[in-house]
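Colleague: I would like a close look at a single part of this model. Please start there and work outwards.

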Amino acid sequence: DTIGQMVPTSTLRARFAASLSAMYGREVPAYTTLVEVTEEVNRDVMHRDGADAERLGTLARVSAERHGAIRVGTPNEMRSVATIFAAFGMYPVGFYDLRDAATPIPVVSTAFRPVDPDELSRNPFRVFTSLLVTDDRRFFGPELQERLETFLDERTLFSPELLELAEQGDLDDSDADRFVELATAAFEIGSEPVDREWYDTLEAVSSVAADIGGVTTTHINHLTPRVLDIDELYTRMQDRGIEMIDRIQGPPRTDGPAVLLRQTSFRALAEPRTFRSSDASVYTDSLRVRFGEVEARGIALTEKGRTIYDADGDYPDTEPELAAQDIGYFTYSMNPDRPQDDRPADLATAIRGGWLIPNPIVYEDFLPASAAGIFRSNLTGDGAKDDAKQGSPWSVDRMSEVIGRTVADPHDLYRAQSTASLQAMLRDDTLGSH
Ligand code: OOG
Ligand code: NI
């Protein structure tokens, strides 16, 4: 046996994202159109804005950048997902409870993504991952819960070989190929006949519950490219005859720096699926479970910035002001054109006076309101939630317990990156002055 070179995690992740993208393009042709239009817009924005276009990520990063979304049914499945994604260098960040959204969805979610800034710049692939809350009485009565959990416990989403490769780590080239192949296949749309009566039973409660617990497989339900001008993309997609949802979600466009995340989507076409009826006959019908989405990313906002955002407030319209007022997250460098000997110790003054140059940290996470909107866009009905009944308590800690790994707080990650850059800069400064 020759010991092959080990494939770096970031390479594995990039291959996984590319492989899912190829698969999704085969399965959902409108996605291919979306990627084409995204690439056109990104090229045009580079042409129009020059270096400014790359202020929030290089074109190489942005061109390969995708997020996907999956939904699973049990804590066990969630743990397996975490094992698989960890092998791609993707770890759980953020906690989203979508049960209390305007259109309630019986799931709690996190996003698996790289956390290290260098890893993010190599490939930022992230997957929004939702877990069905089967013990929430507002959605599921005791009998339905029991039947649902039995159904879910009997299925196997991820093969032992896939999980073994994920746990093994240090994959050589041929193991890496096999791992990416199996991981991709795990998220293809299934071909097993769908039990119509069971699917309909769950759909009466929530179409997301049916999508998760009504079938024996899971699937990626959208794969989202990143675009540099989402308003332009929206218009061009409409021009191509693809009907988008009526708006772009997230903060409105301004003349100032882009903040957080703006997203828009379209419903994919109904796709043919095989069903089994209660008399065991098999027939073809269709399901509409996948769709298209595109996003533009801006500067990550601090807690203070998020409070302003949630109150529909206005932001300052320059990066230095966002930094000086601690509204956005930034790393810092010294302005080479400005002598530093008289730099004030106060950060805000040093920024405003031009001694320090803030460099934006891009928002790598999701927005609960937009996420709920994305879920809503492929619901067939409002479902039935009974608020007189008991919910079940969920928190980021319970999610960490389920996953067996701490779910990171996005703010901790952004703050740490910002602080590390300030400390490194001050250290260099001290060395340089001796
Ligand atoms: C996930 C919805 C969340 C986003 O971009 O906010 C999401 C889902 O529909 O499963 O992907
Ligand atoms: Ni999405």
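**A loop residue and its surroundings**

Modeller: L260 sits in the loop between helix 11 (230–239) and strand 7 (261–267). Keep in mind that this is a predicted model. The backbone at L260 stands out by its phi, which is positive at about 50° although L260 is not a glycine. Is L260 buried or exposed? L260 counts as buried because it has 22 C-beta neighbours inside 10 Å, and the cut-off for buried is 20 or more.

Now step into strand 7. This strand is mostly covered, with 6 of its 7 residues buried. Its partner is strand 10 (residues 291–297). The two run antiparallel and are joined by 7 bridges. One of the pairs to look for is L261 with R297, its bridge partner in strand 10.

A second residue makes a useful comparison. D326 is also not a glycine, and its phi is positive, near 55°. D326 lies in the loop between helix 13 (319–324) and strand 11 (330–334). Here the surroundings are given by a count of 16 other C-beta atoms within 10 Å, so D326 is partly exposed.

Next, the ligand. The residues around ligand 1 are A69, R71, F128, S130, N221, Q263, E293, F366, S370, A371, I374 and F375. Three elements give two or more residues to this shell: strand 1 (66–72), strand 4 (126–132) and helix 15 (368–376). Which of the elements gives the most? Helix 15 does, with 4 residues. By class, the shell has 6 nonpolar, 4 polar and 2 charged residues.

Stay with A371, one of the residues around ligand 1. Leaving out residues up to four places away in sequence, A371 touches Y96, L98, F128 and F366. Of these contacts, look at F128 and F366 again: both are listed around ligand 1. A371 also has a place in the largest nonpolar core, which has 106 residues. Together with I299, A371 has the most contacts inside that core. In soluble globular proteins, nonpolar side chains tend to be buried together.

The core leads on to the domains. The protein is divided into domain 1 (9–300 + 364–403) and domain 2 (302–360 + 409–434). The C-alpha centres of the two domains lie 33 Å apart. Across the boundary, 16 residues of domain 1 are in contact with 13 residues of domain 2. The side of domain 1 that touches domain 2 has 10 nonpolar, 3 polar and 3 charged residues. As for the largest nonpolar core, it draws at least three residues from each of domain 1 and domain 2.

One more piece is worth finding on screen. An open sheet of 3 strands has the order 5-8-9, with mixed pairing. Its edge strands are strand 5 (194–195) and strand 9 (282–287), and each pairs on one side only. Strand 5 and strand 8 (residues 271–276) run parallel, joined by 2 bridges. To locate that pairing, find D195, which stands opposite R276 in strand 8.

To return to your single part: L260 is a buried residue with a positive phi, and its loop leads from helix 11 to strand 7. Strand 7 is mostly covered and runs antiparallel to strand 10.

Terms used
Residues numbered from 1 in each chain as written. Chains lettered and ligands numbered in written order. Predicted model: local features only at pLDDT ≥ 70, side-chain atom pairs only at ≥ 80, totals over all residues. Pairing = 2+ DSSP bridges. Near = placed C-beta within 6 Å. Nonpolar A, V, L, I, M, F, W, Y, C, P; charged D, E, K, R; others polar. Domains from an automatic or database assignment. Contact = placed C-beta atoms within 7 Å. Buried ≥ 20, exposed ≤ 12 C-beta atoms within 10 Å, placed from the backbone. Core = buried A, V, L, I, M, F, W, Y, C linked by C-beta atoms within 7 Å.
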